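Student: Hey, can we walk through this model together? I'd like to get a feel for it before I go back to the bench.

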Amino acid sequence: MQVTEIMLRYGELSTKGKNKKYFIKKLLNNVKNKLKPFKQLEVKSNRDRMYITLNGEEADLVMEELKDVFGIQSFSPVVKVEKSLEEAKKAVVSLIGRHYEKGMSFKINTRRSDHEFEYDTNDLNRLLGKTVAEAYEDSVVQMKNPDITARVEIRHNGIYISVDTILGLGGLPVGTAGKGMLMLSGGIDSPVAGYLALKRGMTIEAVHFHSPPYTSPQALQKAKDLTSKLARYAGPIQFIEVPFTEIQEAIKKEIPDSYSMTVTRRMMLRLTDEIRKRRDSLAIANGESLGQVASQTLESMLAINEVTSTPILRPLISMDKNEIIDIAKQIDTFELAVQPFEDCCTVFAPVKPKTKPKLDKVKELEKALDIEQLVQNALDGLKIDHITTHDNTSDQQDNLFESLL
């Protein structure tokens, strides 16, 4: 039997009370955008479900795209039959038969939106269950945690039946939690942080610090390619390239080696916060995990964060490296991230960085830098690219930051 429809379940969205309509509308728009290449589809939603009518489109290809959409708890391929008990019996037996093995348990779960249909839900559960039990004599009816559940929905225009349930990504629809700036290096952690921020509904723009000639064009492209991997879940992402050479050279010249990392991170945060303000963003996200490196101790975070009152989101804060790597492999960023192109943090990394920097000492050392001018020079040289998921290239836009505001 041919799949005619895909039914989506909302999961966490169902708990949103009076705001539920807003979340469902956003998910509906995200699904439609994700499925734009499929010209024949019809997508509709209500309070409980979302329905995609295939109209001849390939179900497997559509479902593969749905696996990348946050806000979907699960989905099922659905077969539509005529609104008669005999047709429903044939379809249920056939669909269960695709998965059935000797001794399996099953149940029938019926919903009836057409209340004029001659059988109520209890009648249908009983009659369809009896038919399945007769077709598979060694089967077992089981109400709790059966091996197979056949979902039957009686609508005005037909009977819709599904057996398969495919897990979605869960989370919240991207765009429901405001916009944040993702501090994206070329490493393993920050793309995973971006993925988890997207999962909680945040729209992201990627901020990447580039220090030519110390960092290579390949390192810059790697960061763009990592952004392209995230665009698979978010749609197009703005990639903001920040020239950082002048700042790092000034730090190398004026700041003691042991404190250079702390000052570098403070400058990065200052710049990201300025970009955030100009891009109407609400927060900054990064890939920090507590205690993983010298800049990620609580003492270092305190000294670095002092430059801004903007919320700093750290989705990886309690994860160990193996957990982070597992997610990186899942979202296909790991192999890219471990390519041996150094970013500006590793090129200028001190031999013995302070793990417990003193804030007063940091402020005193920074007096040797013309911070205001250095920040302004970097902002004047910003480049912004529009990164999509369809390929690993970007369409460079106007290099002048102000023209994009």
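Tutor: Sure, one term to start with: two strands pair if DSSP finds at least two bridges between them. Helices (H or I, at least four residues) and strands (E, at least two) are themselves DSSP runs, numbered from the N terminus.

Student: Okay, so what stands opposite Met50 in S3?

Tutor: Ser45 does. Strand S2 (residues 42-45) pairs with strand S3 (residues 49-53) in the antiparallel sense, over four bridges. The two make a hairpin with three residues between them.

Student: Before we go on, what kind of model is this?

Tutor: This is a predicted model: local features need pLDDT of at least 70, side-chain atom pairs count only at pLDDT 80 or more, and totals for chains, interfaces and linings use all residues. Residues are numbered from 1 along each chain as its sequence is written, and side-chain values use heavy atoms, with hydrogens and water left out.

Student: Got it. How many helices and strands does the protein chain have?

Tutor: It has 14 helices and 16 strands. Its C-alpha atoms fill a box of roughly 85 × 40 × 40 Å, taken along the principal axes. Of the 405 residues, 52% are buried. Buried means under 20% relative accessible area, exposed over 50%, and partly exposed in between (1.4 Å probe, protein chains only).

Student: Where does UniProt put the THUMP domain?

Tutor: The unreviewed entry places "domain: THUMP" at residues 60-165. UniProt positions are given in the numbering used here, feature names are shortened, and annotations may be inferred rather than shown by experiment. In the model that span is 33% helix and 29% strand, and its end C-alpha atoms lie 13 Å apart.

Student: And which residues carry the "binding site" feature?

Tutor: In the unreviewed UniProt entry they are Met183, Leu184, His208, Phe209, Arg265, Gly287 and Gln296. From this set, Met183 and Arg265 are in the lining of the largest cavity. A cavity here is a set of points, on a 1 Å grid over the protein atoms alone, where a 1.4 Å probe fits but cannot get out; lining residues have an atom within 4 Å of a point.

Student: Is Met183 buried or exposed?

Tutor: Met183 is buried, at a relative accessible area of 9%. You'll find Met183 in strand S10 (residues 179-183).

Student: New topic: how many salt bridges are there?

Tutor: The count comes to 26, where a salt bridge is a side-chain nitrogen of Lys or Arg within 4 Å of a carboxyl oxygen of Asp or Glu. One of them joins Arg232 and Asp68, with the closest N and O atoms 3.0 Å apart. That pair links distant parts of the chain, 164 residues apart: Arg232 is in helix H6 (residues 217-234), while Asp68 is in the loop between helix H2 (59-66) and strand S4 (74-81).

Student: How exposed is Arg232?

Tutor: Arg232 is partly exposed, at 30% relative accessible area, whereas Asp68 counts as buried at 9%.

Student: What about Lys90 and Glu87, how far apart are they in helix H3?

Tutor: They're separated by about one helical turn, because they sit three residues apart in H3 (residues 85-97). Their salt bridge has its closest N and O atoms 3.7 Å apart.

Student: Which residues are linked in a network of salt bridges?

Tutor: Arg266, Arg270, Glu306, Lys363 and Glu366 are.

How values were computed: On a 1 Å grid over the protein atoms alone, a cavity is a set of points where a 1.4 Å probe fits but cannot get out, and a pocket is an open set with protein on both sides within 12 Å along at least five of seven lines; lining residues have an atom within 4 Å of a point.
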